[in-house]
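This report describes the arrangement of one protein chain, moving from a single loop residue to the sheet and then to the helices packed around it. It is meant to be read with the model open alongside.

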Amino acid sequence: MKRILVVDDEESIRELYRADLAEEGYEVDLAADGLQALRRLEVFRPDLVTLDVKMPGIDGIETLRRIRERNPTIPVVLVTAFGEFKQDFNTWASDAYIVKSHDTTELKQTVQRLLGTG
């Protein structure tokens with residue numbers, strides 16, 4: 001079973017993504033911020049990370065940089081409510097970029113594509 005780490009400071013989004021991705025057959029773990037994500041990365045060892053860009057403390061861009069330092073091959077999907085970050089050069093290190101929505105169709109399709117589970 002493929003493992004996904006969902007990182008978002010909004011609990012409702014974390015729980016929505018957990019439910020929808022678990023329904024697709026993935027094992028899902030959650031982190032509320034960048035520091036938690038980096039700790040969970042070592043313990044949970046996900047096959048893919050979904051990562052919110054705007055979070056308190058360490059934002060998603062810095063968390064992405066640190067994930068790439070530790071594990072450059074793990075797919076990372078940046079998820080944000082702010083479309084303008086797509087133009088930010090620092091987001092280009094991610095494997096995919098999607099705009100946050102309560103409709104998780106694009107997220108699920110992206111995860112399937114990156115993990116080869118579709």
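## Pro46 and its surroundings

Leaving aside residues up to four places away in sequence, Pro46 touches Arg3, Ile4, Leu5, Leu41 and Ile74. The model is a predicted one, and what follows should be read with that in mind. Pro46 belongs to the loop between H2 and S3. With a relative accessible area of 9%, Pro46 is buried, because it falls under the 20% limit that defines this class. A second proline, Pro75, is 29 residues away along the chain, and the C-alpha atoms of Pro46 and Pro75 are separated by 9.4 Å.

## Overall arrangement

The protein contains four helices and five strands, and from the N terminus on these elements follow the order β-α-β-α-β-α-β-β-α. Of the 118 residues in the protein, 47% are buried. Among contacts with a separation of 6 or more, 60% are between residues 24 or more positions apart.

## The sheet

The five strands form an open sheet in the order S2-S1-S3-S4-S5, and the pairing is parallel. Strand S2 (27-31) and strand S5 (96-99) stand at the edges, and each has a single partner strand, so one side of each is left without a neighbour in the sheet. From one strand to the next, the twist averages 20°.

Three of the strand pairings can be set side by side, each with a pair of residues that stand opposite one another.

| Strands | Sense | Bridges | Opposite residues |
|---|---|---|---|
| S1 and S2 | parallel | five bridges | Val7 and Ala31 |
| S1 and S3 | parallel | four bridges | Val6 and Thr50 |
| S3 and S4 | parallel | four bridges | Leu51 and Leu78 |

Strand S3 (residues 48-52) is mostly covered, since five of its five residues are buried. In a regular strand, side chains point alternately to the two faces of the sheet. On one side of S3 the buried residues are Leu48, Thr50 and Asp52, and on the other they are Val49 and Leu51, which leaves both faces of the strand covered. Thr50 is thus a buried residue of S3 that also stands opposite Val6, while Leu51, buried on the other side, stands opposite Leu78 in S4.

Strand S4 (residues 76-80) pairs with S3, and five of the five residues of S4 are buried, so this strand is largely enclosed by the rest of the structure. Both of its faces are covered, with Val76, Leu78 and Thr80 buried on one side and Val77 and Val79 buried on the other.

## Helices H2 and H3

Two packed helices are described by the angle between their axes and by the distance between those axes. For helix H2 (residues 34-44) and helix H3 (residues 60-70), the axes come within 10 Å and cross at roughly 20°. An angle under 35 degrees counts as roughly parallel, and H2 and H3 are therefore roughly parallel to each other. Their crossing is right-handed.

In this contact, Gly34, Leu35, Ala37, Leu38, Leu41 and Glu42 of H2 meet Thr63, Arg66, Ile67 and Arg70 of H3. By type, the residues of the contact of H2 with H3 divide into five nonpolar, two polar and three charged. Leu41 takes part in this contact from the H2 side and is also one of the residues that Pro46 touches.

## Helices H1 and H4

Helix H1 (residues 11-23) and helix H4 (residues 105-115) pack at an angle of about 55°, and their axes are 11 Å apart. H1 and H4 are therefore oblique to each other. The crossing in which H1 passes H4 is right-handed.

Here Tyr17, Asp20 and Leu21 of H1 meet Leu107, Lys108 and Val111 of H4. The residues of the contact of H1 with H4 divide into four nonpolar, no polar and two charged.

Conventions. Residues numbered from 1 in each chain as written. Predicted model: local features only at pLDDT ≥ 70, side-chain atom pairs only at ≥ 80, totals over all residues. Heavy atoms only, no water. Axes fitted to C-alpha atoms, helices over the stretch in contact; angles between N-to-C directions. Helix = DSSP H or I, 4+ residues; strand = E, 2+ residues; numbered from the N terminus. Parallel < 35°, antiparallel > 145°, perpendicular 65-115°, else oblique. Left-handed = near helix turned anticlockwise from the far one by under 90°. Contact = heavy atoms within 4.5 Å. Nonpolar A, V, L, I, M, F, W, Y, C, P; charged D, E, K, R; others polar. Buried < 20%, exposed > 50% of the residue type's maximum accessible area, 1.4 Å probe, protein only. Pairing = 2+ DSSP bridges.
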